[in-house]
Amino acid sequence: MPPDADVADEELVARAQDGDEAAFSALVRRHSPALLRLARMYTPSQAVAEEVVQETWLGVLRGLERFEGRSAFRTWLFRILVNRAKTRGVREHRSVPFASLGGAGDGDDGDDGPSVDPTRFVEEGAWASPPRRWETDPELALRSSEIRRIAEEAIAQLPERQRIVITLRDLEGLSSEEVRNALDLTETNQRVLLHRARAKVRQALENWIDA
């Protein structure tokens, strides 16, 4: 295990601000895989995504002394990445997710269909027919890698905004606040995007289980 594996971002950032190159390298190792996955959603190729990640770390290096910790380092980092990824997406003639969010309604994610079949609810949003808990089935637990594959395939088929939000929340573990700040979303918009994404992924898993 790397010596800085259990060290909080805040401590590594403070050390990096004092000129500790090893601390900065630890931050790069820790966050680059997630940054690359996010950049890949905005860019047309792996190579361009890798360049965006490099540009992000250069931006972090230039701005690190001014970082005051008013938001989590990870939130600040992802926001830098998103801004650079959008710029490269435009440059590469690719449609950029979230580019028109400012003109969209809070509940609009480009998908007018219901997120979950309304017949599965009773009054005030309670489940009438709750989702199956595949994780409690011993046989299915043994096939967890297959479940993950099905889930990842379902995520890959989602509309871009839903795909990015669910990836950040459920795969990268960012909080609601971190995602809102990184993507410049309202709470309502973030919640709707995530709910619809989760519902579609859950439905894909249930279809696979039933099959």
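Helix α2 (residues 21–42) and helix α7 pack at an angle of about 175°, with their axes 11 Å apart. Here the axes are lines fitted to C-alpha atoms, for helices over the stretch in contact, and angles run from 0 to 180 degrees between N-to-C directions. Helices themselves are DSSP runs (H or I, at least four residues; strands are E, at least two), numbered from the N terminus. That angle makes α2 roughly antiparallel to α7; angles over 145 degrees get this label, those under 35 count as roughly parallel, 65 to 115 as roughly perpendicular, and the rest as oblique. On the α2 side, the contact (heavy atoms within 4.5 Å) is made by L38, M41 and Y42, and on the α7 side by E160, R163, I164, T167 and L168. Sorted by class, this contact has 5 nonpolar, 1 polar and 2 charged residues. For this sorting, Ala, Val, Leu, Ile, Met, Phe, Trp, Tyr, Cys and Pro count as nonpolar, Asp, Glu, Lys and Arg as charged, and the others, Gly among them, as polar.

This is a predicted model, in which local features need pLDDT of at least 70 and side-chain atom pairs count only at pLDDT 80 or more, while totals for chains, interfaces and linings use all residues. Residues are numbered from 1 along each chain as its sequence is written, and side-chain values use heavy atoms, with hydrogens and water left out.

Helix α7 (residues 160–171) also packs against helix α8 (residues 176–183), this time at an angle of about 140° and with the axes 9 Å apart. The two are therefore oblique to each other. Their crossing is right-handed, meaning that the near helix is turned clockwise from the far one by less than a right angle (anticlockwise would be left-handed). I164, V165, L168 and R169 of α7 meet S176, V179 and L183 of α8 in this contact, which has 5 nonpolar, 1 polar and 1 charged residues.

What about the rest of α8? S176, E178, V179, A182 and L183 are buried there, with buried meaning under 20% relative accessible area, exposed over 50%, and partly exposed in between (1.4 Å probe, protein chains only). Seen down the axis of α8, these buried residues fall within an arc of 165°, so they line one face of the helix; the arc is that of the directions from the helix axis to the C-beta atoms. Right after α8 comes D184, whose phi is positive, near 60°.

V82 brings in another helix, as it lies in α4 (residues 73–91). This valine is buried, with a relative accessible area of just 1%. Leaving aside neighbours within four places in sequence, V82 is in contact with L38, Y42, A182 and L183. V82 and V53 sit 29 residues apart in sequence and 9.9 Å apart in space, C-alpha to C-alpha.

Back towards the start of the chain, helix α1 (residues 9–17) and α2 pack at an angle of about 140°, with their axes 8 Å apart, and are therefore oblique to each other. α1 passes α2 in a left-handed crossing. D9, L12, V13, R15 and A16 of α1 make the contact with A23, F24, A26, L27, R30 and H31 of α2. These residues divide into 7 nonpolar, 1 polar and 3 charged.

Taken as a whole, the protein chain has 9 helices and 0 strands. Buried residues make up 41% of its 211 residues. Of the contacts with a separation of 6 or more, 65% are between residues 24 or more positions apart.
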